[in-house]
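Trainee: I have the sequence and the coordinates open. Could we go through confidence, charges and backbone in turn?

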Amino acid sequence: LVDYVEDFSKLMKVIYGLLDKKGICVFSMSHPIATAYDGVYDRYTRTAEGERLYANLHNYGIEGVRHIHWIVDDYEVYHRKLSTLINDIAGAGFTIEECQESKLADKMIKEHPDVFGGVIHQPDFIFFRCRK
C-alpha cells in the first residue's frame with residue numbers, strides 16, 4: 001500500500017493521528033534501492049553467461065512515480081530516497097524503533113539462481129517499526 005501513495009508524508013501524519021499515545025506502526029514497503037530502477041537501463045549488469053554481477057541504479061535522487069516492468073507491464077510505484085522516508089516518519093512525530101531490510105535465505109538463492117540470483121545485490125523490501 002505505501003508504495004502506491006503519492007504523499008507519504010501526509011500518510012504518516014494521518015496514521016500518527018489515528019494511533020493512541022502508545023501506538024505502534026509496523027509497515028513494509030519496496031526498498032528505495034528497488035524503486036530506484038526506472039527501466040531506462042537493464043536492471044542488472046551481467047557476465048557474458050548472464051550471471052548478475054550487480055544491480056544498476058539510475059536516477060536514485062529523482063523522486064516520484066515510476067512506471068516499470070515488475071511481474072506486469074506498466075507497474076506504477078513511487079520512488080523515494082531513504083532519507084525522505086526517515087524524515088517523513090520522524091516529521092510525523094514517530095520514533096523509529098527498528099528498521100530491517102529483506103534478505104532471502106541462501107538456500108533459496110542457490111536452488112533458484114535464475115529467479116533469485118540478483119537479490120544479494122539489493123534488498124527488495126524495507127521494514128519499519130515506529131512508536132508514537
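Mentor: Start with a definition: a residue is called buried under 20% relative accessible area, exposed over 50%, and partly exposed in between. Keep in mind that this is a predicted model.

Trainee: Is lysine 107 buried or exposed?

Mentor: The cut-off for the top class is over 50% relative accessible area. Lysine 107 has 57% relative accessibility, so lysine 107 counts as exposed.

Trainee: Which residue does lysine 107 form a salt bridge with?

Mentor: The partner lies in helix 4 (residues 106-111), as does lysine 107, and the two are 4 residues apart, about one turn of the helix. The closest N and O atoms are 3.8 Å apart, and the criterion is within 4 Å. The partner is partly exposed at 45% relative accessibility. That residue is glutamate 111.

Trainee: How many salt bridges does a search of the whole structure find?

Mentor: One pairs lysine 107 with glutamate 111. Another pairs arginine 129 with glutamate 97, with the closest N and O atoms 2.8 Å apart. Arginine 131 also meets glutamate 97, at 2.5 Å from N to O. The search of the whole structure gives 3.

Trainee: Which residues are joined into one network by salt bridges that share partners?

Mentor: Glutamate 97 has a salt bridge with arginine 129 and another with arginine 131. Because salt bridges that share partners are joined, the network consists of Glu97, Arg129 and Arg131.

Trainee: Which strands does the pair of arginine 129 and glutamate 97 link?

Mentor: This salt bridge has its closest N and O atoms 2.8 Å apart. The pair connects distant parts of the chain, 32 residues apart. Arginine 129 is in strand 7 (residues 125-131) and glutamate 97 in strand 6 (residues 95-101), which gives strand 7 and strand 6.

Trainee: Into which accessibility class do the members of that network fall?

Mentor: The class between 20% and 50% is the one to test. Arginine 129 has a relative accessible area of 30%, and arginine 131 has 29%. Glutamate 97 is at 37% relative accessibility. Each of these values lies between the cut-offs, so Glu97, Arg129 and Arg131 are partly exposed.

Trainee: Which residues form the negative surface patch?

Mentor: A patch takes residues with over 30% relative accessible area and no salt bridge. Glutamate 76, in strand 5 (residues 72-79), has 38% relative accessibility and so counts as partly exposed. The patch is formed by Glu6, Asp7, Asp73, Asp74 and Glu76.

Trainee: What is the phi of asparagine 59?

Mentor: Most residues other than glycine have a negative phi. Asparagine 59 is found in the loop between strand 3 (52-55) and strand 4 (64-70), and is partly exposed with a relative accessible area of 32%. Its phi has a positive value, near 65°.

Trainee: How far apart in space are aspartate 106 and aspartate 38?

Mentor: Aspartate 106 lies in helix 4 and is partly exposed at 46% relative accessibility. The two aspartates are 68 residues apart in sequence. From C-alpha to C-alpha, the separation in space is 27 Å.

Trainee: Which element has the lowest mean pLDDT?

Mentor: The chain averages a pLDDT of 88, and 92% of the residues score at least 70. Among the elements, helix 3 (residues 82-91) has the highest mean, 98. The lowest mean, 70, belongs to helix 5 (residues 113-116).

Note on methods:
Residues numbered from 1 in each chain as written. Predicted model: local features only at pLDDT ≥ 70, side-chain atom pairs only at ≥ 80, totals over all residues. Heavy atoms only, no water. Patch = residues over 30% accessible without salt bridge, like charges linked within 9 Å, V, L, I, M, F, W, Y side chains within 5 Å. Areas by Shrake-Rupley, 256 points an atom, 1.4 Å probe, with all protein chains shown as cover. Salt bridge = Lys/Arg side-chain N within 4 Å of Asp/Glu carboxyl O. Lys, Arg positive; Asp, Glu negative; His and termini not counted. Charge placed at Lys NZ, Arg CZ, Asp CG, Glu CD. Buried < 20%, exposed > 50% of the residue type's maximum accessible area, 1.4 Å probe, protein only. pLDDT = per-residue confidence, 0-100.
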